[in-house]
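Subject: Structure for your review

Hello,

Please find the structure below, handed over for your files. My notes come after it.

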Amino acid sequence: MATSGNKLADTDEKIFIGKGEETAWLTLALANRHGLVTGATGTGKTVSLQVMAEGFARAGVPVFAADIKGDLSGISEVGEAKDFIVKRAKEMGLDFQPDQFSTVFWDVFGEQGHPVRATVTEMGPLLLSRMLDLNDVQEGVLNVAFRVADENGLTLIDMKDLRALLDAIAPNGGKKAADDEEDPLAPIRKAAQSYGNVSKATVGTIQRQLLVLENQGGTKFFGEPALTLKDFMKTDRDGRGMVNILVADKLMQSPRLYATFLLWMLSELFEELPEAGDLPKPKLVFFFDEAHLLFNDAPKALMDKIEQVVRLIRSKGVGVYFVTQNPIDVPDKVLAQLGNRVQHALRAFTPRDQKAVAAAAQTFRPNPKLDTARVIMELAKGEALVSFLEGGGTPSMVERVMVRPPSARIGPITPEERKAIMDASPVKGKYDTAVDAESAYEIIQKRIAGTAAPADGEGGGGEGGGLLGQIGSIAATIFGTNVKRGRLSTGQVIARNVTRSVTDKVIGGVVADLGKSVGGSIGGSIGRSLVRGALGGLLRR
C-alpha cells in the first residue's frame, strides 16, 4: 500500500486513494479481497467511496453502490474545480482534472431509476424468511411451500402467487376426508402435509407478515421482468466500468427489505458467476452501505451462509466493500475477510464509544509511528487511516492520509440531470414496464375453476378434450404460447430447461400412461430441475 512516488494518478495496476507521509494505493489485483470503509456520520465515508468507485471505473471495473442519501449520484456529472478541492489536490501534488462517469440508476420503487425486480421463486425461502422476520416454525412452513411449488411447477413470480400457494397448502378446516376428492387443491395440500404439519394458524401468520412487506413496497420488488445481473457488469464505449447506483433513500425506510435485497444480489452473483481465480482486476466491485443492517438480529444459520458467500465470492472475481460506522458492526468472521480498510474519524464521548474506538484500532496492523486509537479520534474531515493489501496479500501497516478529492461532482444531481441520464440509459425500456405472466396464482385459480388439469392428472382420459386438452396445456406452458409475447417469463425459462427430458420420457413409453401421470411427470421433472444455492436462491442446471 504505502510506496513513495511522484506520479499520483491511477495506473493499470493500482488506484491512488490518498497521501500522507506515504502514498496510499489500492492494488487492483488484490481488490477482490474485499474491504471496509468506516467512520462516524459526516467524516467523509461517502467521498472515500466515490474516490474508490471512480478509480475502479477508470480501470474498466463495473461498480455497484447503494446511495443512501443521494450524494453519490454526483459521480455521473463533471466535477467542479472549487477552491477547497483545488487546494487539497495541490497539497497532494495532484493536478485536479474534472471528470464524469457513465452511470445507470436503479430503484426498487421505479421512481428515480430503472425498476429492480426479482421473482419469489428466485429469492428462495431463506432470504424471504429473513425479509419477513419469521421464526423457525414459520420458516419451516415457508420451506414446505417452496418445495411444493418447485415439485409441482408452480412458478412464484409475485406476491399474489405466494399468497395463492399459501392458501392452497393450508389445511381445509372442517372438511371430511371423503370430501377431499372433490377439492381441486387436495393433491397440493396432501403434498404439503407429507413434509410435516402445516397449520392454518402458521400460514395465517405468514400471510400477515406478507401484508407488512407489501405495505413497505415489497409488491413492487417481486415481479417480472426480473433483473439480469449481467446488466451490472458492463463497460461504456471508452472501456470504463459502468457505475450502477441503487437509489436507496426511500428503500432505507424499510431496513430489512434493503438489507435482504442487497444480500440477494450478492448471493445471485455468487451462484451465477463462474470460478475466475486470481485476476488482474475484479469483474465487479459491490459497495454495501449501512452494512450493519445486514447483520442485525440475523440468525446464526444465515450468518454462516453470509460468511460463506463473502469468503468464496472472491474467487468469482467480485470484491465486496462494506460501509458502516464502526468495524464492530461487522461480525468477526466476516471482518477477517475484509483486507482493504479505510477508517475515518470516530468520536468517543462515552465509555461505550471509547471501547468501540479501541476495537477499531485493533483491526489494523500496528504502525510504531502511530497511536492508532488516539489518531482515530483526531482525524479531520477527509482524513483517514488506511491499510490496503500488498505483496502476497498481507495488510500494510496503518497510515494516516488525506483522501484525494473526487474528479466528478461531490453531492447530488438535479431531477433534470437524472432524467437525461435515464433517457440515455443502455437498459432503457428493458425493465420499465412490468409483465404479469401466467404463474402459480393463475394456475391455482384455473384448478379451482376446473379449467386446468389437477396436480395428479386425474380425469384426463376423456376421449374428446381431456387428454388432448392436457397435452395442449402442457405444450402451451413449455413453448410459451399461453403467455404474452416478449421476454420469457421465469416459468417459461424453467419449462424450456426441462423440455428435452420431458420429451424423452414421452418417447420412452410414457404416452400409454399420459392421461394419468403427465401432470405429475411435468411437476416432478421441474422439481428435479430446480436446485437452490447457499442462500436458497434458484440455480438453473
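The notes cover the nonpolar cores, one buried valine and one helix pair.

This is a predicted model, in which local features need pLDDT of at least 70 and side-chain atom pairs count only at pLDDT 80 or more, while totals for chains, interfaces and linings use all residues. Residues are numbered from 1 along each chain as its sequence is written, and side-chain values use heavy atoms, leaving out hydrogens and water.

The largest nonpolar core (buried Ala, Val, Leu, Ile, Met, Phe, Trp, Tyr and Cys joined through side-chain atoms within 4.5 Å; buried is under 20% relative accessible area, with a 1.4 Å probe and protein chains only) holds 91 residues. L128, Y258, F261, L262 and F322 have the most contacts inside it. Helix α10, residues 255–272 (helices are DSSP runs of H or I, at least four residues, numbered from the N terminus), gives the largest share, 11 residues. Leaving aside residues up to four places away in sequence, L262 touches (heavy atoms within 4.5 Å) F64, A66, L246, F286 and F288.

V334 sits in helix α13, residues 332–335. V334 counts as buried because its relative accessibility is 1%. With the same sequence neighbours left out, V334 touches F295, E307, V310 and F322.

Helices α6 (residues 159–169) and α17 (residues 440–449) pack with axes 7 Å apart, at about 40 degrees. Axes are lines fitted to C-alpha atoms over the stretch in contact, and angles run from 0 to 180 degrees between N-to-C directions.

Regards

Notes: Helices (H or I, at least four residues) and strands (E, at least two) are DSSP runs, numbered from the N terminus. Buried means under 20% relative accessible area, exposed over 50%, partly exposed in between (1.4 Å probe, protein chains only).
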